[in-house]
Amino acid sequence: MTGGPLVVLVGPMGSGKSTVGELLAERLGAPYRDTDADIVAAQGREISDLFVDEGEPYFRALERAAVAEALAGHTGILALGGGAILDDGTRALLAGLPVVYLSMDIDEAVRRVGLGAARPLLAVNPRRQWRELMDARRHLYTEVARVVVATDDRTPEEVAQAVLDALELKDV
């Protein structure tokens, strides 16, 4: 395949993009890539440190470039950072690709992320801030997605199978 990634995973922090992405890559015999990990490797610093030290606009510029590069050159499973879809150019690049939005409700987010971990956008009032982030982003995730897969009360394996079924992809 030369037309881009087999699957692009989008969704909020803690929705399981990395875990499900690695499972999908294994099951499809394809490479896995995470744009947040690309940024950390290139910058030599954690994303939370980039937010604190350089600010969100600086991080978003790095993210925009990392996503564009990955979409142009990666043919496996690709996971994007939770806020990548905020950029108009990124959303345009995702048009026509097999994008899957991994959704979850706030109770699931509390269980998975704790909403108190090192998440720079959730530092003050995590539950309220998570709700506000989702209110601002949910329609963007839905806009870019070919498929929405709810992750609530599902194992990563069940979510991976739901993605495969929804996109009609077969295991190797």
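**Exercise 1. Place Arg 45 on the scale from buried to exposed, then find its salt-bridge partner.**

Start with Arg 45: its relative accessible area is 24%, so Arg 45 is partly exposed. The scale runs as follows: buried is under 20% relative accessible area, exposed is over 50%, and partly exposed lies in between (1.4 Å probe, protein chains only). The model is predicted: local features need pLDDT of at least 70 and side-chain atom pairs count only at pLDDT 80 or more, while totals for chains, interfaces and linings use all residues. Residues are numbered from 1 along each chain as its sequence is written, and side-chain values use heavy atoms, with hydrogens and water left out.

Next, the partner. Arg 45 makes a salt bridge with Glu 54. The closest N and O atoms are 3.2 Å apart. A salt bridge here is a side-chain nitrogen of Lys or Arg within 4 Å of a carboxyl oxygen of Asp or Glu. Last, check Glu 54. Its relative accessible area is 39%, so Glu 54 is partly exposed too.

**Exercise 2. Say which parts of the chain the salt bridge between Arg 64 and Asp 87 ties together.**

First, the distance. The side chains of Arg 64 and Asp 87 meet at 3.2 Å, N to O. Then locate both ends. Arg 64 belongs to helix H4 (residues 56-73). Asp 87 sits in the loop between strand S3 (77-79) and helix H5 (88-94). The pair therefore ties together parts that are 23 residues apart in sequence. Helices (H or I, at least four residues) and strands (E, at least two) are DSSP runs, numbered from the N terminus. Finally, exposure: Arg 64 is partly exposed, at 38% relative accessibility.

**Exercise 3. Work out how Asp 135 and Arg 138 are placed in helix H7.**

Begin with the contact. Asp 135 and Arg 138 form a salt bridge, with the closest N and O atoms 3.6 Å apart. Now the spacing. Both lie in H7 (residues 126-144), three residues apart, so about one helical turn separates them. Compare their exposure. Asp 135 is exposed, with a relative accessible area of 56%, whereas Arg 138 is partly exposed at 36%.

**Exercise 4. Count the salt bridges, and name three residues linked in a network of them.**

The count is ten for the structure. The network links Arg 33, Asp 38 and Glu 69.

**Exercise 5. Describe the sides and the neighbours of strand S4.**

Step one: burial. S4 covers residues 99-103, and five of its five residues are buried. Step two: sides. Val 99, Tyr 101 and Ser 103 point one way. Val 100 and Leu 102 point the other way. Step three: partners. Two strands pair if DSSP finds at least two bridges between them. Strand S1 (residues 7-10) pairs with S4 over three bridges, in the parallel sense. There, Val 10 has Tyr 101 as its bridge partner. Strand S5 (residues 147-150) also runs parallel to S4, joined by four bridges. Val 147 in S5 stands opposite Val 100.

**Exercise 6. Which residues far along the sequence does Pro 5 contact?**

Locate Pro 5 in the segment before S1. Pro 5 is buried, with a relative accessible area of 0%. Set aside its neighbours within four places in sequence. Pro 5 then touches Leu 71, His 74, Thr 75, Gly 76, Leu 78 and Pro 98. Contact means heavy atoms within 4.5 Å. One more distance: Tyr 32 is 27 residues from Pro 5 in sequence and 9.6 Å in space, C-alpha to C-alpha.
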